[in-house]
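Here is a friendly walk through a few helices and two loop residues. Please keep the sequence and the 3D view open as you read.

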Amino acid sequence: MQSQAMFFKARAADKLADRRLQANLAKARTKFVDGRARAVAEYDAEVGADFEALRTAGSRIRERVLENLDVWLETFEERARSRGAEVLYARDGAEIGRLVVDIARRHGVAKAVKSKSMLSEEAGLNEALATAGVVPVETDLGEYILQINDNEAPSHIIAPVFHKSKEEVAELFARTHGTPRKTDIGEMTREARETLREHFLSADMGISGANFLIAETGSAALVTNEGNGRMVTTLPKVHVVVTGIEKLVPTLEEFSTLMRLLPRSATGQHISNYVSVLTGVRGEGDADGPEHLYFILVDNGRADLVGSDFQPMLRCIRCGACMNHCPVYQSIGGHAYGWVYPGPMGSVLTPLFTGIENALDLPQASTLCNQCGVVCPVKIPLPDLLRKLREKQVERKLRPWRERLGLRLWGWIAARPAAYRLAARIAARWLRRRAGGAERLSTLPFVPGWTAERDLPAPPGRTFHDLYAGRARSRSGE
Ligand code: SF4
């Protein structure tokens, strides 16, 4: 997928002005947030359970993997091969496409059914398959809706059609399927299921991602709320798992710990509807399962993060909680971010994977309120990582010179209390004079963006330092 992250500001402005999107976002805004809060409270109410301790355990599991990633990769590879699977590595998106197309050619594949793979978005895999004459069919309901809507991009990592209303989908189905318009979600889902069933039965290859790779058994774990994942992984004779090298978990036991975190953080469920662990090719006497199983383990920028300041980002288990709780994401939706991953996790991952210089505004697309850091199930310090990316932009002189100069001046003054106090007094006096007795300022010179959408309260008569010093004096009885 071609990144449009350089155009974040313009895209965000469009999304803010899009009344239909704003209405859809307003309806969906609290769904996942309330669900997570309820699930966490219920977990904490269980005897001896503590969600914070669970988050710490999840974070440690992910760090344990990253500290010895090469060892766990070797273990996984050996166990997966011993169960008849082939393990391949892809350096980048283009290599993923080449490897999948090679496998398709080797097995004479004409149609591939797909489920749950953000990496296939990173790689533009559908385009590569179509160019090679293989028909890709998305089978997750949300992804299917996007595919028949002119291959629209997802706007959320677990709810790809987060930005669409039921009525929009009803119109799309009626147009595409040539059926009467329905708005009952059950009926619409049945209609999609009937269309997709044909594809499950006629596909020669299944392609999926993996929520986790379990090293000790050489398995891929898939966590979904729709049954299509099981059809994709078991019906076609060939199955290809495309996933990132960082998705490893050492043991099944540790996988079960992460499974207590993932659904609660993502959708507020205690457990997802389908938790599938795919191990090896179809054995003698097995009723189903693929005859040929391939794992394509993808780097695409991940290995460079191991051992760097940004290693914690590789702990991500793709739950979506950070974007659900982000006031920026809640206001503009996912498409404004311009690449595969939206919200706070995308504002870190997109610059890291596509180049800091190609996503200049994403690290700034945050109020640093730390909601994302508080809800992240594996304790990724997202605000710290965003700040580090900002620092790198300044070091590499990628920010406008005015901004860099302003930050340098700010740093100089903030390190000198007397100068800071004097500057604060002068600025407050100047702003009060500018307000002319009014309580709010509707325009500001130098930084007009601050007052473009709302007024700034005029500074009160005394600065915080004055008030604090006065209170300290009265406490000491001076
Ligand atoms: S960064 Fe944390 S909260 Fe966001 S998707 Fe990843 S695991 Fe979930």
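## Helices and loops

Helix H13 is followed by Gly268, which has a positive phi, near 80°. Please bear in mind that this is a predicted model.

Let us step back into helix H13 itself. It covers residues 252-266, and at 1.5 Å a residue its 15 residues should span 21 Å, which agrees with the 21 Å between its end C-alpha atoms. Along the way H13 bends by about 25° at Leu258. Is Leu258 buried or exposed? Leu258 is among the buried residues of H13, as are Phe255, Met259, Leu261 and Leu262. The buried set also includes Glu254 and Arg264. Because 11 of its 15 residues are buried, H13 is largely enclosed by the rest of the structure.

Helix H11 makes a good companion to look at next. Its 18 residues, 185-202, reach 26 Å from the first C-alpha to the last, close to the 26 Å expected at 1.5 Å a residue. H11 bends by about 25° at Leu196. The buried residues of H11 are Met188, Glu191, Ala192, Leu196 and Phe200. An α-helix has 3.6 residues a turn, so residues three or four places apart point the same way. What do the buried residues of H11 pack against? Their partners are strands E2 (111-115) and E3 (135-138), together with helices H9 (141-148), H10 (166-177) and H12 (228-234).

Now for a helix pair. Helix H17 (residues 343-354) packs against helix H19 (residues 382-395) at an angle of about 35°, and their axes are 10 Å apart. The crossing of H17 past H19 is left-handed. On the H17 side, Pro344, Met345, Ser347, Val348, Pro351 and Leu352 take part, meeting Leu382, Leu385, Leu386 and Leu389 of H19. By class, this contact has 9 nonpolar residues, 1 polar residue and no charged ones.

Finally, two loop residues deserve a look. Asn300 has a positive phi although it is not a glycine, and Arg318 likewise has a positive phi without being a glycine. Here are their values and places.

| Residue | Phi | Loop between | Relative accessibility |
|---|---|---|---|
| Asn300 | about 45° | strand E10 (292-298) and helix H14 (302-305) | 16% |
| Arg318 | about 55° | H14 and helix H15 (321-324) | 11% |

Why does Asn300 count as buried? Its relative accessibility is 16%, and buried means under 20%. Arg318 is buried too, with a relative accessible area of 11%.

Methods. Residues are numbered from 1 along each chain as its sequence is written. This is a predicted model: local features need pLDDT of at least 70, side-chain atom pairs count only at pLDDT 80 or more; totals for chains, interfaces and linings use all residues. Side-chain values use heavy atoms; hydrogens and water are left out. Helices (H or I, at least four residues) and strands (E, at least two) are DSSP runs, numbered from the N terminus. The expected span of a helix is 1.5 Å times one less than its number of residues. The bend at a residue is the angle between axes fitted to the seven residues ending there and the seven starting there. Buried means under 20% relative accessible area, exposed over 50%, partly exposed in between (1.4 Å probe, protein chains only). Axes are lines fitted to C-alpha atoms, for helices over the stretch in contact, and angles run from 0 to 180 degrees between N-to-C directions. A crossing is left-handed if the near helix is turned anticlockwise from the far one by less than a right angle, and right-handed if clockwise. Contact means heavy atoms within 4.5 Å. Ala, Val, Leu, Ile, Met, Phe, Trp, Tyr, Cys and Pro count as nonpolar, Asp, Glu, Lys and Arg as charged, and the others, Gly among them, as polar.
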